[in-house]
Amino acid sequence: MSVFDQMLARYNVHETGITNASYEVIQEIILAGLYRGGFFNNAAFYGGTCLRIFHGLKRFSEDMDFSLISPDPNFQLEEYFPAIINEFNAVGKDVVISKKEKKVFGRVESAFLKDNTAAYDLRFKTEKTIKIKIEVDIDPPMKFDTEQKLLLLPFSFMTRCFVLSDLFAGKMHALVFRKWKQRVKGRDWYDFEWYIRNGVELNFNHLQERIRQFNGIEMSQTQFLNELKERLANTNIDAVKRDVLPFIKNPDELEIWSNDYFLQLSDMIKIKNPKF
């Protein structure tokens, strides 16, 4: 059995679906390639995929988000492409990586990694091509902390990740400031519920830095919580559920979801080092 198949065998594909399982295996191989290339000397992993892989979030994820640990306008993600490609070659797979030229506010480097379906065995040929977007914030909001998290496959290695309180801050920024009139992302809501259920404290200092840099405004804790509650109260909860359904195993988890449910969750937010 190849290393790739060994990694895939950890999943019950009848429950998760071959595409979701394949996404996660590919994501872990990407992390291994970035580690080999020295990427985590200068950058850290964050976002929903980080929460899924390292903290047991019970939903699958597609894209991979990273942040430099200090600003570097000359950073080039392409420098790490050979290390990623070599890691896939080592497990017997071919991939294509292409750079996405469009930048968001001039601060995010993006690339797409696609699997070569011809390299997969027959059961993969019936699946749609897997495409994973990789983004790196090259001028990141600061006031965050990182930690080293261990993965055992495709070999043992460490990944530098945002700590949970800062992962929470990033998620709350996305939940409130994402352009929700064009797009409802129920995965933000699912992750918010997870943070509350697990008693994670919110690092509001880092959240404030994100709001300053990305939105150009100053916002107090009270103002932010008011904005959050407005979002939670007025978003179409059925659209929220529809978005997250393809990424979870058990739809019954969403039975309790309502606008009032999430408003009550918002009252349970714990602020790290609150300012009175």
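Glu218 counts as exposed, at 55% relative accessibility; here exposed means over 50% relative accessible area, buried means under 20%, and partly exposed is in between, with a 1.4 Å probe and protein chains only. Its salt-bridge partner is Arg212, and the closest N and O atoms of the two are 2.8 Å apart. A salt bridge in this text is a side-chain nitrogen of Lys or Arg within 4 Å of a carboxyl oxygen of Asp or Glu. Arg212 itself is partly exposed, with a relative accessible area of 29%. Elsewhere, salt bridges that share partners tie Arg59, Lys171, Arg178, Asp188 and Asp191 into one network.

Before going further, a word on the model. It is a predicted one, so local features need pLDDT of at least 70 and side-chain atom pairs count only at pLDDT 80 or more, while totals for chains, interfaces and linings use all residues. Residues are numbered from 1 along each chain as its sequence is written, and side-chain values use heavy atoms, with hydrogens and water left out.

Now the overall picture. The protein has twelve helices and nine strands, taken as DSSP runs (H or I of at least four residues for helices, E of at least two for strands) and numbered from the N terminus. Of its 276 residues, 51% count as buried. The accessible surface comes to about 13,100 Å², and 48% of that belongs to carbon and sulfur atoms; these areas come from the Shrake-Rupley method with a 1.4 Å probe, and for residues only the protein chains shown count as cover. As for contacts (heavy atoms within 4.5 Å), take those between residues at least 6 apart in sequence: 70% of them join residues at least 24 apart.

Helix α3 is a good place to step inside. It covers residues 18-36, and its end C-alpha atoms are 27 Å apart, which agrees with the 27 Å that its 19 residues should span at 1.5 Å a residue. That expected span is 1.5 Å times one less than the number of residues. Of those 19 residues, 17 are buried, so α3 is largely enclosed by the rest of the structure. After the helix comes Gly38, with a positive phi near 85°.

Arg36 belongs to α3 and pairs up with Glu87 of helix α5 (residues 81-90), linking distant parts of the chain, 51 residues apart. Their side chains meet in a salt bridge at 2.9 Å, N to O. What about exposure? Glu87 counts as buried at 6% relative accessibility, whereas Arg36 counts as exposed at 54%.

That pair is part of a wider tally: a search of the whole structure finds 15 salt bridges. Another one joins the side chains of Lys133 and Glu135, at 3.6 Å, N to O. Lys133 is partly exposed, with a relative accessible area of 22%, and Glu135 is buried, with 17%.

On to the cysteines. A disulfide would need a pair of cysteine sulfur atoms within 2.5 Å, and by this rule the count comes to zero. Cys50 is in no disulfide, and the nearest cysteine sulfur, that of Cys161, is 3.8 Å away. Both residues are out of reach of the surface probe: Cys50 is buried at 0% relative accessibility, and Cys161 is buried at 0% as well.

Next, some backbone geometry. Most residues other than glycine have a negative phi, and most peptide bonds are trans. Against that background, Lys143 has a positive phi of about 65° although it is not a glycine. Lys143 sits in the loop between β5 (131-137) and β6. A cis peptide bond joins Leu153 and Pro154, with omega about 5°. Pro154 is in the loop between β6 and β7 (157-162).

Strand β6 (residues 146-151) holds Leu150, which is partly exposed at 48% relative accessibility. Together with Tyr35, Leu152 and Met158, Leu150 forms a nonpolar patch on the surface, with about 400 Å² of accessible area in total. Patches are made of residues with over 30% relative accessible area and no salt bridge; like charges are joined within 9 Å, and nonpolar side chains (Val, Leu, Ile, Met, Phe, Trp, Tyr) within 5 Å.

One last stop is Gln76, in the loop between β2 (64-68) and α5. Gln76 is partly exposed, with a relative accessible area of 31%. Its C-alpha atom and that of Ile138 are separated by 9.1 Å, and the two residues are 62 residues apart along the chain.
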